[in-house]
Amino acid sequence: MGDELRQFYDFIAFSARLREVERHNNATRERKESVAEHSWHLALVCWVLHREFERECGHALDLEKMLKMCLMHDLVEIEAGDPSAWSTQDSVRRREEKARIEEEVAQRRYGALPGEIGAEFLKVWREHEEGVTPEARLVRGVDRLNPALMRCLTGQGWEDVGADAEALDRLQMPRLEVSESLTALYQEVRAAAIAQGLLAPAS
C-alpha cells in the first residue's frame, strides 16, 4: 500500500470509530444514540428539506456541501468527546474550551489527509463551526432539532436535564429561527412532548 493510500486508510479507520461515541439522547428506549447515527440522520433531513430551505432563502443552496457538513462535522468528537449542549449553553468558558479542543483535533486529523482533501475537510468543518453561511446555519439548525426529536420519539423526555418547555425554547430557538420549516417541526415536537407528559409546559 502506497503512502497516500495508507493515509486514507488511517483516516477511514479513524472515522469508523464515530459509531462508538454515544450522545446524550436515546436512539431507542433501550440504548443511547451514536454520533454516527446522528450524523446520518442530519444528512437525510437536510436532503429531504433542501427544497424547502431554498424556498425560504429565496436562492440556491449547496446541498453537497450541506451533506458533507452533516457527515463530517462531529468526527472530532471521536477524540474530543460529545459534551451535552445543556452543560455548555450557559458557560462561555466551557464553550471556548470545547472549541479549542475540537480545533486541535481537526487540525491533527484533517490536516493529516493528503492533497486537497485535508484542506477541504478543514474548510468545511470551520465553515460549519462559524455558522455564518446559509448552509452552515441550516445544518446547525437541523443538528439542534435532532436530539429534541429523538427525546420525544423514544420517550426519554427532559427530566435528566431538568428542562421544561421554556428552557427547551431557550436552547433550541437561537438555531432554529433561521428556518420557518425547522421552527414548525420543532413546535410539532414540543407540542407532542408536552401532550405525552415528557416535557413540562412553560411555567
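Let's start with one residue, S39. Setting aside residues up to four places away in sequence, S39 touches L18, C70, L71 and D74. Keep in mind that this is a predicted model.

Where does S39 sit? Its place is in helix α2. Is S39 buried or exposed? Its relative accessible area is 3%. The cut-off for buried is under 20%, so S39 counts as buried.

Now look at L67. Along the chain, S39 and L67 are 28 residues apart. In space, their C-alpha atoms are separated by 9.4 Å.

Stay with α2, but turn to a helix partner. Helix α2 covers residues 35-57, and helix α10 covers residues 180-195. How do their axes meet? They come within 9 Å and cross at roughly 120°. That angle makes α2 oblique to α10.

Which residues make this contact? From α2, we have L49, E52, F53, R55 and E56. From α10, we have E180, S181, L182 and L185. What kinds of residues are they? In this contact of α2 with α10, four are nonpolar, one is polar and four are charged.

Step back to the whole protein. How many helices and strands are there? The protein has 10 helices and two strands. What is their order? Starting at the N terminus, it reads α-β-β-α-α-α-α-α-α-α-α-α. So a helix comes first, then the two strands, then the other helices follow.

Next, overall dimensions. Taken along the principal axes, the C-alpha atoms fill a box of roughly 60 × 40 × 30 Å. The radius of gyration is 18 Å. A compact globule with 203 residues would have a value near 17 Å, so the protein agrees with that.

What about burial across the chain? Buried residues make up 45% of the 203 residues. S39, at 3% relative accessible area, is one of the buried residues.

And the surface? The protein exposes about 10,900 Å². Carbon and sulfur atoms supply 52% of that area.

Last, the contacts over sequence distance. Take the contacts with a separation of 6 or more. Residues 24 or more positions apart account for 68% of them.

To recap: S39 is buried, and its place is in α2. Helix α2 crosses α10 at roughly 120°. Around them, the protein has 10 helices and two strands.

Terms used: Residues are numbered from 1 along each chain as its sequence is written. This is a predicted model: local features need pLDDT of at least 70, side-chain atom pairs count only at pLDDT 80 or more; totals for chains, interfaces and linings use all residues. Side-chain values use heavy atoms; hydrogens and water are left out. Axes are lines fitted to C-alpha atoms, for helices over the stretch in contact, and angles run from 0 to 180 degrees between N-to-C directions. Helices (H or I, at least four residues) and strands (E, at least two) are DSSP runs, numbered from the N terminus. Angles under 35 degrees count as roughly parallel, over 145 as roughly antiparallel, 65 to 115 as roughly perpendicular and the rest as oblique. Contact means heavy atoms within 4.5 Å. Ala, Val, Leu, Ile, Met, Phe, Trp, Tyr, Cys and Pro count as nonpolar, Asp, Glu, Lys and Arg as charged, and the others, Gly among them, as polar. The radius of gyration is taken over C-alpha atoms; the globule rule is 2.2 Å times the number of residues to the power 0.38. Buried means under 20% relative accessible area, exposed over 50%, partly exposed in between (1.4 Å probe, protein chains only). Accessible areas come from the Shrake-Rupley method with a 1.4 Å probe; for residues, only the protein chains shown count as cover.
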